[in-house]
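Reader: I am new to this structure. Could you take me through it in short steps?

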Amino acid sequence: MLGYLPVIAQGREPGEVYVRGVGFIRVETWDDGMIFDTVYIRPTSGTTLAGGTRYIFFQDLLRPQVVVSAWGGENLKPDSETNMTTPGQLPSGWELIVLDIGVHIPADISRTDANAILKYGYLEFKLDGSSVRMSGPLTRFASGYGIWGTANVASTSGSVNVGIYQNGLPSIAGKPLLSLPIYITDKRTFRAELVFEEDITLSASDVIIPVTMYLAGLLKAPVQG
Amino acid sequence: MNEVRAVSPREVRTTASVVPGVVYIPGIGPLALEQWVEDVIYDTVTLPTSISAGQTFEFFTNISGKSKWETNMTEAGKLPEGWMMWVVRAGLELLPGTDPDDAFQIVERSALIFKTGVNKVHRHAPTWAWPIGFGMWGDHAVDGTTADNTIVQVGVPSPSAVRNLLLPVRISNRLNFRVEMVFGRSATLSAETPIRFYLYGFISKPVST
């Protein structure tokens with residue numbers, strides 16, 4: 001029966017909606033938004049990523065130096081890799097009603113890397129330091145987004161020989177919203193830990209794979225500028 | 001001019017399904033079918049072959065000299081006088097013929113930020129999180145050796161594969177709006193590449209005389 005209840009329903013008047021578990025909100029003061037952050041998976045020795053390696057989302061606003069060196073640009077993560085401005089917290093005055101959580105891998109990484117990350121990755125999303133609100137293998141956190149396409153499977157001419165990989169079907173309409181919203185204010189802390197408990201082998205010793213996690217839903221932010 | 005109610009909200013809310021000519025949209029209210037259309041506003045930006053980290057491109061603010069396949073804007077950064085729009089969906093389309101390696105760089109190395117007014121951010125997300133559900137679909141020759149045999153798109157090219165924004169965004173008469181595309185990493189494309197951004201929703205226009 002629960003699945004038949006709409007997460008967002010009609011409000012009492014125009015310009016208002018009812019969010020199940022939260023209450024009535026005004027459309028003009030909230031948006032469909034997301035908070036996202038990127039970590040950079042790379043081998044710890046040779047092509048091996050050592051078992052026990054842990055990556056933390058939403059905690060670090062800086063790129064590792066090895067990424068800066070390889071990709072150029074500034075130390076600070078750019079707008080395409082995060083929209084966090086305060087480690088582990090929303091900016092002052094912001095509120096987020098999380099209705100969707102997903103993890104994105106780049107579509108053009110090697111099959112070896114896609115297999116390893118999606119097979120062995122385990123994720124925990126935590127509130128206020130220790131409260132685990134969601135956990136499981138990485139494939140349980142389907143992205144719903146990403147490049148779709150047909151790959152030229154028999155080509156042998158270098159870059160034309162592409163594969164296209166995603167964490168799930170890149171169709172956000174095919175991904176239900178959470179039935180239990182997660183309400184985050186600027187007073188709460190949050191983080192997610194991606195762990196690889198076993199040694200895994202990546203495609204090259206210098207490969208860097210940006211993996212992005214997002215918390216999407218209803219976002220309330222003071223007007224900027 | 002932007003009157004949206006054919007009857008009172010309370011009346012529509014309670015009788016929405018039986019009031020001819022009126023549709024009640026949650027979060028918006030009643031829309032009179034004679035006054036509102038379901039349509040798109042779109043703009044195309046052509047990316048250069050060399051893009052540096054931090055470089056920004058803008059949709060909807062530069063329409064000079066563009067053809068209808070590129071944009072249907074008639075005024076830079078604004079809807080025409082008297083128009084109003086509720087945006088219920090927004091996203092990017094890669095145009096037919098886009099090289100797959102170029103697509104990967106464009107989509108995986110940038111973010112899109114939808115803004116109104118001076119600097120009100122409505123949605124900031126990586127470009128891969130902006131599907132619109134449009135675009136070319138097809139098959140390819142499996143023994144092909146050229147990029148022409150590969151088709152790529154931001155998400156599955158089916159409108160039903162994309163969900164609406166959880167909350168609509170209102171662009172009122174004369175409100176500035178734009179979508180910024182920011183590259184976090186440099187990109188080197190094989191050719192200049194046009195990409196098209198859509199705002200999809202409900203539009204109220206003055207009756208033409």
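What follows is a set of questions and answers on this structure.

Reader: What kind of model is this?
Author: Some caution comes first. Local features are described here at pLDDT of at least 70. The model is predicted.

Reader: How many helices and strands does chain B have?
Author: Chain B has 209 residues, and 47% of them count as buried. Among its contacts between residues at least 6 apart in sequence, 73% join residues at least 24 apart. The secondary structure of chain B comes to two helices and 13 strands.

Reader: In what order do the four strands of the open sheet in chain B stand?
Author: The pairing in this sheet is antiparallel. Two of its strands, β5 (56-59) and β8 (120-126) of chain B, stand at the edges, and each has a single partner strand, so one side of each is left without a neighbour in the sheet. From one strand to the next, the twist averages 20°. The order in chain B is β5-β11-β7-β8.

Reader: Which residue in β11(B) stands opposite L112(B)?
Author: Strand β7 of chain B covers residues 110-116, and strand β11 of chain B covers residues 177-183. Seven bridges join these two antiparallel strands. Opposite L112(B), in β11(B), stands M181(B).

Reader: Which element gives the most residues to the side of chain A that touches chain B?
Author: The contact takes 58 residues from chain A and 59 residues from chain B. On the chain A side, the elements giving two or more residues are β1 (8-10), β4 (31-41), β7 (95-104), β10 (147-150) and β14 (209-220) of chain A. The largest share is five residues, and it comes from β4(A).

Reader: How do the residues on that side of chain A divide into nonpolar, polar and charged?
Author: We stay with the side of chain A that touches chain B. Its residues divide into 29 nonpolar, 23 polar and six charged.

Reader: Which residue of β9(B) stands opposite G149(A)?
Author: Pairing also crosses from chain A to chain B here. Four bridges join β10(A) to strand β9 (residues 151-154) of chain B, and the two run antiparallel. Opposite G149(A), in β9(B), stands V152(B).

Reader: Which element gives the most to the largest nonpolar core?
Author: This core has 109 residues, and those with the most contacts inside it are I147(A), L218(A), M85(B) and V87(B). It draws at least three residues from each of domain 1 (1-34) and domain 2 (37-204) of chain B. The element that gives the most, with eight residues, is β6(B).

Reader: Which residues of chain B is I147(A) in contact with?
Author: Neighbours within four places in sequence are left aside here. In chain A, I147(A) is in contact with A107(A), I164(A) and P170(A). In chain B, its contacts are A103(B), F104(B), V107(B), W128(B), V152(B) and V154(B).

Reader: How many residues of helix α2 of chain B are buried?
Author: Helix α2 of chain B covers residues 100-108 and is mostly covered. Its buried residues include A103(B), F104(B) and V107(B), and also D101(B), D102(B) and E108(B). The count of buried residues is nine of its nine.

Reader: What is the bridge partner of V87(B) in β10(B)?
Author: β6(B) is mostly covered, with ten of its eleven residues buried. It pairs with strand β13 (residues 193-204) of chain B in the antiparallel sense over ten bridges, and there R89(B) stands opposite Y200(B). Three bridges also join β6(B) to β10(B), again antiparallel. The partner of V87(B) in β10(B) is V169(B).

Reader: Is F60(B) buried or exposed?
Author: F60(B) is found in the loop between β5 and β6 (84-94) of chain B. Its phi is near 80°, a positive value in a residue other than glycine. With 25 other C-beta atoms within 10 Å, F60(B) is buried.

Reader: How many other C-beta atoms lie within 10 Å of R174(B)?
Author: R174(B) lies in the loop between β10 (169-171) and β11 of chain B. It has a positive phi of about 75° although it is not a glycine. R174(B) is partly exposed, because the number of other C-beta atoms within 10 Å is 13.

Reader: Which residue of chain B does E81(A) touch?
Author: E81(A) is found in the loop between α1 (65-71) and β7 of chain A, and it is buried, with 25 other C-beta atoms within 10 Å. The C-alpha atoms of E81(A) and P210(A) are separated by 8.4 Å, although these residues are 129 apart along the chain. Not counting residues up to four places away in sequence, E81(A) touches T38(A) and P210(A) and, in chain B, G184(B).

Terms used: Residues numbered from 1 in each chain as written. Chains lettered and ligands numbered in written order. Predicted model: local features only at pLDDT ≥ 70, side-chain atom pairs only at ≥ 80, totals over all residues. Pairing = 2+ DSSP bridges. Axes fitted to C-alpha atoms, helices over the stretch in contact; angles between N-to-C directions. Contact = placed C-beta atoms within 7 Å. Nonpolar A, V, L, I, M, F, W, Y, C, P; charged D, E, K, R; others polar. Buried ≥ 20, exposed ≤ 12 C-beta atoms within 10 Å, placed from the backbone. Core = buried A, V, L, I, M, F, W, Y, C linked by C-beta atoms within 7 Å. Domains from an automatic or database assignment.
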